[in-house]
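Open the model in your viewer and keep the sequence panel beside it. Follow the selections below in order.

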Amino acid sequence: DVWAHRVLHTTPHNDNPPPRHLSTTPIEIDVLVVYTHRTACAQARISTNRCNITPQNRNTLTQPLTSRIELAIAESNRAYVLSGVLNVKLRLVHTLLLPKSYDELNPQIVKRFGDQLDQLIDA
C-alpha cells in the first residue's frame, strides 16, 4: 500500500527498506475481546458497587472501553507498518461483555473459555 510505503520510508528510524526475508503474504488476525462488568465500569469511571449495566444503558457505559479497544487495534496496526511489517493487520471482529455473575477474580475463568457447554461465554 502506498501510504504504508511512504510512512516506512519517511520515518527517521527506518532509513533502510525492510529485510527481504519477510513474508509478503497478507495475514489478517481476527481479534475477540472479552470483558467483564467490572472492567467496563472502571473504564466508565464508575465504582463497581454503583455500576449497573442494563440493556438500556449498555452502549453508554461500555463506549469508553470499546473506544479504547478500537484505539489499541489501530495503534497495533500502525506499529506493524512503522516496523516494516506491512503484511499483518489486526481486525477487531467482536467485543463481548460477559454476564454480571462472571467474576474475573475467579481462578476458574481461563477454564471456562474452553467449556462449550457452560452457557456463559457461548450464550
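Begin with the whole chain, coloured by burial. In this predicted model, buried residues make up 28% of the 123 residues. The accessible surface comes to about 9,000 Å². Carbon and sulfur atoms account for 54% of that surface.

Switch to cartoon. Four helices and two strands appear. Walk along the sequence and the order reads α-β-α-α-β-α. Now think about contacts between residues at least 6 apart in sequence: 65% of them join residues at least 24 apart.

**Stop 1: helix α3**

Select residues 58–82. This is helix α3, with 25 residues. How far apart should its ends be? At 1.5 Å a residue, the expected span is 36 Å. Put a distance label on the end C-alpha atoms: they are 36 Å apart, so the two values agree.

Look for the bend next. Where is the kink in α3 centred? Select P64: the kink there is about 40 degrees.

Show side chains and pick out the buried residues of α3. They are L61, T62, L65, T66, I69, I73, N77 and V81. Then step past the end of the helix to G84. This residue follows α3 and has a positive phi, near 85 degrees.

**Stop 2: the disulfide**

Select C41 and C51. A disulfide joins them, with the sulfur atoms 1.8 Å apart. C41 lies in helix α2 (residues 37–43), while C51 sits in the loop between α2 and α3. The two cysteines are ten residues apart, and the pair links distant parts of the chain. How many disulfides does the model hold? The count is one.

Check the handedness. The torsion about the S-S bond of C41 and C51 is about -75 degrees, so this disulfide is left-handed. Are these cysteines buried or exposed? Both C41 and C51 are buried.

**Stop 3: R45**

Stay in the loop between α2 and α3 and select R45. Its phi is positive, about 60 degrees, although R45 is not a glycine. R45 counts as exposed because its relative accessibility is 77%, and the cut-off for exposed is over 50%.

**Stop 4: the nonpolar core**

Select Y35, A40, C41, A44, C51, I53, L61, L65, I69 and L97 together. These ten residues form the largest nonpolar core. Both disulfide cysteines, C41 and C51, are on the list. Helices α2 and α3 each supply at least two residues of this core. Which element gives the most to it? That is α3, with three residues.

Now zoom in on L61 and leave out residues up to four places away in sequence. L61 touches A40, A44, I46, C51, N52 and I53. One of these partners, C51, is half of the disulfide.

**Stop 5: I69**

Move along helix α3 to I69. I69 counts as buried because its relative accessibility is 10%, and buried means under 20%. Setting aside neighbours within four places in sequence, I69 is in contact with V33, Y35, L92 and T95. Draw a line from I69 to T95. They are 26 residues apart in sequence, yet the C-alpha atoms are 8.7 Å apart in space.

**Stop 6: T62**

Go back along α3 to T62. At 6% relative accessibility, T62 counts as buried. Again without neighbours up to four places away, its contacts are Y35, A40, I53 and L97. Keep T62 on display for the last stop.

**Stop 7: L97**

Finish at L97, in strand β2 (residues 88–97). L97 is buried, with a relative accessible area of 10%. What does L97 touch, beyond residues up to four places away in sequence? The partners are Y35, T36, H37, I53, R58 and T62.

Add one last distance, between L97 and V33. These residues are 64 apart along the chain, and 8.8 Å separates their C-alpha atoms. To close, show L97 with T62 and I53. L97 touches both, and T62 is in contact with I53 as well as L97.

Key:
Residues numbered from 1 in each chain as written. Predicted model: local features only at pLDDT ≥ 70, side-chain atom pairs only at ≥ 80, totals over all residues. Heavy atoms only, no water. Expected span 1.5 Å × (residues − 1). Bend = angle between axes of the 7 residues up to and from the residue. Buried < 20%, exposed > 50% of the residue type's maximum accessible area, 1.4 Å probe, protein only. Disulfide = S-S within 2.5 Å. Core = buried A, V, L, I, M, F, W, Y, C linked by side-chain atoms within 4.5 Å. Contact = heavy atoms within 4.5 Å. Areas by Shrake-Rupley, 256 points an atom, 1.4 Å probe, with all protein chains shown as cover.
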